[in-house]
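Trainee: I am new to this structure. Please take one part of it and walk me through that part closely, then show me how it sits in the whole.

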Amino acid sequence: MSFPWNRENPLFVFLTADIKERAGRAFRNGFYPEKNLLEIEGILLDRENREVKIGKDLFEGKDYRNINDYHIVLNTGKF
């Protein structure tokens with residue numbers, strides 16, 4: 001079977017989830033054992049903001065969260 005994407009024509013997939021879902025996962029999995037859910041949300045948002053800034057600096061102001069730049073967008077909070 002042949003797919004329409006390859007190195008020259010990549011398939012872009014974006015995985016996302018609501019911040020509350022992501023914080024809940026981190027809490028349940030023990031990634032931040034000394035933190036409560038609200039603190040974990042803050043940590044995750046701070047990290048996301050840093051990642052966005054780095055991405056914009058590297059890729060001419062592009063925000064990786066723009067779903068229009070992807071072929072497939074999956075909200076893993078719905079799984």
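**A close look at Tyr-70**

Mentor: Start with one polar contact. A polar atom of the Tyr-70 side chain lies 2.7 Å from the backbone oxygen of Tyr-64. Keep in mind that this is a predicted model.

Now place Tyr-70 on the chain. Tyr-70 sits in a loop. That loop runs between helix α2, residues 37-58, and strand β2, residues 72-75.

Next, look at what Tyr-70 touches. Set aside its neighbours within four places in sequence. Tyr-70 is then in contact with Phe-12, Val-13, Phe-14 and Tyr-64. So Tyr-64 appears twice here: in this contact list, and as the owner of the backbone oxygen beside the Tyr-70 side chain.

For a sense of distance, take Asp-18. Tyr-70 and Asp-18 are 52 residues apart along the chain. Their C-alpha atoms are separated by 18 Å.

Follow Tyr-64 to another residue, Glu-48. Glu-48 belongs to helix α2. Again leave out the neighbours within four places in sequence. Glu-48 is in contact with Arg-22, Tyr-64 and Arg-65. Tyr-64 is therefore a contact of Glu-48 and also of Tyr-70.

One of those contacts of Glu-48 has a polar pair. The side chains of Glu-48 and Arg-65 are joined by a polar contact of 3.0 Å.

Is Glu-48 buried or exposed? Glu-48 counts as buried, because its relative accessibility is 15% and the cut-off for buried is under 20%.

Now step back to the whole protein. Of its 79 residues, 16% count as buried. Glu-48 is one of the buried residues.

The protein has two helices and two strands. Along the sequence they follow the pattern β-α-α-β. The protein is more spread out than a compact globule, because its radius of gyration is 16 Å, well over the 12 Å that the globule rule gives for 79 residues. Its C-alpha trace spans about 45 × 35 × 20 Å along the principal axes.

Contacts across the sequence come next. Take the contacts between residues at least 6 apart in sequence. Of these, 47% join residues at least 24 apart.

Finish with surface and charge. The accessible surface comes to about 6,600 Å². Carbon and sulfur atoms account for 56% of that surface. The protein has 13 positive and 13 negative charges. The mean positions of the two sets are 2 Å apart.

Key
Residues are numbered from 1 along each chain as its sequence is written. This is a predicted model: local features need pLDDT of at least 70, side-chain atom pairs count only at pLDDT 80 or more; totals for chains, interfaces and linings use all residues. Side-chain values use heavy atoms; hydrogens and water are left out. Helices (H or I, at least four residues) and strands (E, at least two) are DSSP runs, numbered from the N terminus. The radius of gyration is taken over C-alpha atoms; the globule rule is 2.2 Å times the number of residues to the power 0.38. Buried means under 20% relative accessible area, exposed over 50%, partly exposed in between (1.4 Å probe, protein chains only). Contact means heavy atoms within 4.5 Å. Accessible areas come from the Shrake-Rupley method with a 1.4 Å probe; for residues, only the protein chains shown count as cover. Lys and Arg count as positive and Asp and Glu as negative; His and the chain ends are not counted. The place of a charge is taken as NZ of Lys, CZ of Arg, CG of Asp or CD of Glu. A polar contact is a pair of N or O atoms within 3.5 Å; within protein, one must be able to donate a hydrogen and the other to accept it, and residues adjacent in sequence count only if both atoms are side-chain atoms.
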